[in-house]
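Let's take a tour of some charged side chains and see what company they keep. Here is the structure to look at while you read.

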Amino acid sequence: MGELTELLDITQPGVSKHLRVLREAGLVRVRKDAQRRWYELNPEPLAEIEAWLQPYRRLIEARYERLDQLLNELQHEENDDEQD
Amino acid sequence: MSKINLVAEPGSYEIRTSREFNAPRALVFKALTDPALVAKWWGLKSTKTEIVQMEAKPGGLWRYIERDDNGEYAFRGVYHSVSPEQIVYTFEFEGMPGHVCMSTTTLEENNGKTTLTESSVFQSVEDRDGMLQSGMEEGATESWDSLEELLQSMQ
């Protein structure tokens, strides 16, 4: 936690508070030894969210990919027209 | 890495997506409001999209039908405001009448590129979540097709 306080340039209570929120959300895990608390990322909940969003993401991604291709074609046509 | 930014907060009625396009805003606006152009990108790759009606002006109606071997799916709505900066319209799948969402499409141009942001607000969290899961089958198929295209272009 000391390392985080230095890295993030916020106070130790501030770091504690953020870590508590992340821990309650299941996004970090804590391991205690005699002197220190070690925090590590727990990526599983993020992977769950990503899996849940995946169907819609793919749908929109594919749709916007087609729009992107169409915009490219239209711009090429415009350029060709200018050259004529 | 995904090209789109997708936000759906827990317990919220909203889905927000955004993506940057390498084209000026006027052209993106045209692709969004010209029926002949919308027919080319809006529908799924596995379906054929018919633009039955589309009047991109305040109070104008739109209705699209998507057809594939299994049947047809119709969508409709009303435009509330239309300008090159912002389009506000409603969206409803005719298979679930009464479940209407309101979408705001915002177009921002920067150095010749345009960021399209779409915010869709549903009537309930359930409706919002239903929409998020509705792309399941189609979305998966689409992505495999896209992957195939990508792989072919790399050969």
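Start with B:D129: at 24% relative accessibility, this residue counts as partly exposed. Keep in mind that what you're looking at is a predicted model.

So who does B:D129 pair up with? Its partner is B:R128, and the two form a salt bridge with their closest N and O atoms 2.8 Å apart. B:R128 sits in another kind of setting: it is buried, with a relative accessible area of 1%. The cut-off for "buried" is under 20%, so B:R128 falls inside it at 1%, while B:D129 at 24% lands in the partly exposed class.

**More pairs in chain B**

B:E85 also has a salt-bridge partner, namely B:R25, with 3.7 Å between the closest N and O atoms. This pair ties together distant parts of the chain, as the two residues are 60 residues apart. B:E85 belongs to the loop between β5 (71-82) and β6 (86-93) of chain B, and B:R25 belongs to helix α1 (residues 25-33) of chain B. B:E85 is partly exposed at 40% relative accessibility, and B:R25 is partly exposed too, at 23%.

Then there's B:E55, whose side chain meets that of B:K57 in a salt bridge, at 3.8 Å from N to O. B:E55 has a relative accessible area of 32%, which makes it partly exposed; B:K57, at 45%, is also partly exposed.

Here are the three pairs side by side:

| Salt bridge | N to O distance |
|---|---|
| B:R128 and B:D129 | 2.8 Å |
| B:E85 and B:R25 | 3.7 Å |
| B:E55 and B:K57 | 3.8 Å |

**Across the chains**

Salt bridges can also join up into a network, and the one here links A:E65, A:D68, B:K3 and B:R19. How many salt bridges are there over all chains? The count comes to 15.

**One without a bridge**

Now for B:E66, which lies in strand β4 (residues 61-68) of chain B. B:E66 is buried yet has no salt bridge. Which side chain of opposite charge is nearest to it? That's A:R63, 5.0 Å away. A salt bridge needs the charged atoms within 4 Å, so A:R63 at 5.0 Å doesn't make one with B:E66.

B:E66 still has company, though. Its side chain reaches the backbone nitrogen of B:L44 at 2.9 Å. Leaving out residues up to four places away in sequence, B:E66 touches several others, including B:W42, B:T47, B:K48, B:Y73 and B:F75.

How values were computed. Residues numbered from 1 in each chain as written. Chains lettered and ligands numbered in written order. Predicted model: local features only at pLDDT ≥ 70, side-chain atom pairs only at ≥ 80, totals over all residues. Heavy atoms only, no water. Helix = DSSP H or I, 4+ residues; strand = E, 2+ residues; numbered from the N terminus. Buried < 20%, exposed > 50% of the residue type's maximum accessible area, 1.4 Å probe, protein only. Lys, Arg positive; Asp, Glu negative; His and termini not counted. Polar contact = N/O pair within 3.5 Å; in protein donor to acceptor, adjacent residues only side chain to side chain. Contact = heavy atoms within 4.5 Å.
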